[in-house]
Amino acid sequence: MPHWLQLMLDSFGPLLWAAVAFTAPLTLLSFVFGLTVGLITALVRLFGPAPLAAIARFYVWIIRGTPLLVQLFLIFYGLPNVGIVLDAFPAALIGFTLNVGAYSSEIVRAAIGSVPKGQWEAAYSIGMSWSQAMRRTILPQAARVAVPPLSNTFISLVKDTSLAAAITVPELFQAAQRIVATTYEPLILYIQAAIIYLGLSSILSALQVRLERRLGRYGGFIEARA
């Protein structure tokens, strides 16, 4: 058996374990928490009082205007200077959550804004309150519009978690770095890590297509996107 193939077989288990134990949880938790932050931020910007809306805009401006890697370094290496010390995984989770929250807030805000005003009027005409109209009428329609960009955000997040290696989170890419440090075979190990990321992204892309088609059958997703 060729040396490179044996090395890939030997390293596949540790790399897959790092993906399951750290990359997947970091991605899922960051996306769920980030989407929650994004929804709240979008609602504040659309319907909140001016001072809160200004704070929300400032948050989005800061996060979207600075590199994710710098944000992670500020949280993990910078906050200890002011007495806030975080372990690597929570620091990465906070960083990715804030980043996803800023970008998803723009997606959600645009999706809510795309719902015709007549939908609000129809909801009010049958006696719904603002919260009922938002929950039962507006958000379901906005969700169909937001699915494609949010799905792309999730797929990008899977790959972005490799940046957590820079703050010592033992996820997939850092696992590859550790093996490289002992085998001195960076080309083979980094190609293998890239293949695993590619496989994950391809699976998620296929699921995204199926989800879009399902939404297209139940709610006119194609028309809404057009």
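**Entry 1: R109 and the charged side chains around E106**

I began with R109, which counts as partly exposed because its relative accessibility is 28%; the model I am reading is a predicted one. I found the side chain of R109 in a salt bridge with that of E106, at 3.0 Å from N to O. Both residues sit in helix 4, three residues apart, which is about one turn of the helix.

I then looked up which other side chains meet E106, and found R45 in a salt bridge with it at 2.5 Å, N to O. This pair links distant parts of the chain, since E106 belongs to helix 4 and R45 to helix 1, 61 residues apart. E106 has a relative accessibility of 17% and therefore counts as buried, whereas R45, with a relative accessible area of 21%, is partly exposed.

A further salt bridge joins the side chains of E106 and R64, at 3.4 Å from N to O. It too links distant parts of the chain, with E106 in helix 4 and R64 in helix 2, 42 residues apart. For R64 I noted a relative accessibility of 43%, so this arginine counts as partly exposed.

The count of salt bridges comes to three, and I recorded R45, R64, E106 and R109 as linked in a network of them. As a general reminder to myself, side chains of opposite charge can pair when their charged atoms come close.

**Entry 2: aromatic pairs around F47**

I next turned to the rings, where the count comes to nine aromatic pairs. For F47 and W120 the ring centres are 5.8 Å apart and the planes stand at 65°, so I entered the pair as edge-to-face. This pair also links distant parts of the chain, F47 being in helix 1 and W120 in helix 5, 73 residues apart. F47 is partly exposed at 39% relative accessibility, while W120 is buried at 14%.

F47 also pairs with W130: their ring centres are 5.2 Å apart and their planes are at 75°, so this pair is edge-to-face as well. Because F47 lies in helix 1 and W130 in helix 6, the pair ties together parts that are 83 residues apart in sequence. W130 counts as partly exposed, with 37% relative accessibility. I noted that ring pairs link F47, W120, Y124 and W130 into a cluster.

**Entry 3: helix 3 and the nonpolar cores**

Which residues of helix 3 are buried? In this helix, residues 68–78, I found L68, Q71, L72, I75 and F76 buried. Seen down the helix axis they fall within an arc of 115°, so they line one face of helix 3. What covers them includes helix 2 (50–65), helix 4 (88–114) and helix 6 (130–160).

I then examined the largest nonpolar core, which has 32 residues, and found that A92, F96 and I167 touch the most other members. Two or more residues each come from helix 1, helix 3, helix 4, helix 5 (117–125) and helix 6, and helix 4 gives the most, with ten residues. Leaving aside neighbours within four places in sequence, F96 is in contact with L26, S30, L68, L72, L157, D160, T161 and A164. Apart from this core lies another, of 15 residues, among them M8, L172, I179 and A193.

**Entry 4: two single residues**

I looked up F33, which is placed in helix 1 (residues 3–47) and counts as partly exposed at 41% relative accessibility. Setting aside its neighbours within four places in sequence, I found F33 in contact with L93 and T97.

Is T137, in helix 6, buried or exposed? With a relative accessible area of 14%, T137 is buried. Not counting residues up to four places away in sequence, it touches Q119, A123, M128 and Q132.

**Entry 5: the chain as a whole**

Finally I noted that the protein chain holds nine helices and zero strands, and that its C-alpha trace spans about 70 × 50 × 25 Å along its principal axes. Of its 226 residues, 38% are buried. Among contacts between residues at least 6 apart in sequence, 73% join residues at least 24 apart. The chain exposes about 12400 Å², of which carbon and sulfur atoms supply 69%.

Technical notes
Residues numbered from 1 in each chain as written. Predicted model: local features only at pLDDT ≥ 70, side-chain atom pairs only at ≥ 80, totals over all residues. Heavy atoms only, no water. Buried < 20%, exposed > 50% of the residue type's maximum accessible area, 1.4 Å probe, protein only. Helix = DSSP H or I, 4+ residues; strand = E, 2+ residues; numbered from the N terminus. Arc of directions from axis to C-beta. Contact = heavy atoms within 4.5 Å. Core = buried A, V, L, I, M, F, W, Y, C linked by side-chain atoms within 4.5 Å. Phe/Tyr/Trp six-rings, centres within 6.5 Å; stacked < 30°, edge-to-face > 60°. Areas by Shrake-Rupley, 256 points an atom, 1.4 Å probe, with all protein chains shown as cover. Salt bridge = Lys/Arg side-chain N within 4 Å of Asp/Glu carboxyl O.
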